[in-house]
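Please find below my notes on the structure, set out as numbered points for your consideration.

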Amino acid sequence: MESNIRIYKNMIWDILDDGSKLYIINLLINSGFVGECKLISKVVGNTTIMEIKDDNGKMIELPINILDILNN
């Protein structure tokens, strides 16, 4: 499957392990994301959310535990 997505490389992307990166790339491709995809994180209540947006405004939110990522 060919896709036209580019991940904006920032600190959040850099701290993810390879398995998580592959999961996110497959999720974006299967969800129809196109163009540059940017990852940001935000805290909502007691949960850290990874928000991913593409050039067309398509967005997906994934709950993450940033402490698990940082401690590995």
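1. A contact, as the word is used here, means heavy atoms within 4.5 Å. On that footing, and bearing in mind that this is a predicted model, residues 24 or more positions apart account for 41% of the contacts in the protein chain that have a separation of 6 or more.

2. As for the overall fold, the protein chain has three helices and four strands, and when read along the sequence these follow the pattern β-α-α-β-β-β-α.

3. Of the 72 residues in the protein chain, 32% are buried. The accessible surface of the chain comes to about 4,900 Å², and carbon and sulfur atoms contribute 51% of that area.

4. Four salt bridges are found in a search of the whole structure. One of them joins lysine 42 to glutamate 51, with the closest N and O atoms 2.9 Å apart. Glutamate 51 counts as buried because its relative accessible area is 7%, which falls under the 20% cut-off, whereas lysine 42, at 30% relative accessibility, is partly exposed.

5. Lysine 42 also meets glutamate 61 in a salt bridge, at 3.1 Å from N to O. This pair links distant parts of the chain, given that lysine 42 lies in strand S2 (residues 35–44) and glutamate 61 in strand S4 (residues 59–64), 19 residues apart. Glutamate 61 is partly exposed, with a relative accessible area of 39%.

6. A further salt bridge brings together the side chains of lysine 53 and glutamate 51 (3.6 Å, N to O), and lysine 53 is partly exposed at 41% relative accessibility. Through shared partners, salt bridges join Lys42, Glu51, Lys53 and Glu61 into one network.

Notes. Residues numbered from 1 in each chain as written. Predicted model: local features only at pLDDT ≥ 70, side-chain atom pairs only at ≥ 80, totals over all residues. Heavy atoms only, no water. Helix = DSSP H or I, 4+ residues; strand = E, 2+ residues; numbered from the N terminus. Buried < 20%, exposed > 50% of the residue type's maximum accessible area, 1.4 Å probe, protein only. Areas by Shrake-Rupley, 256 points an atom, 1.4 Å probe, with all protein chains shown as cover.
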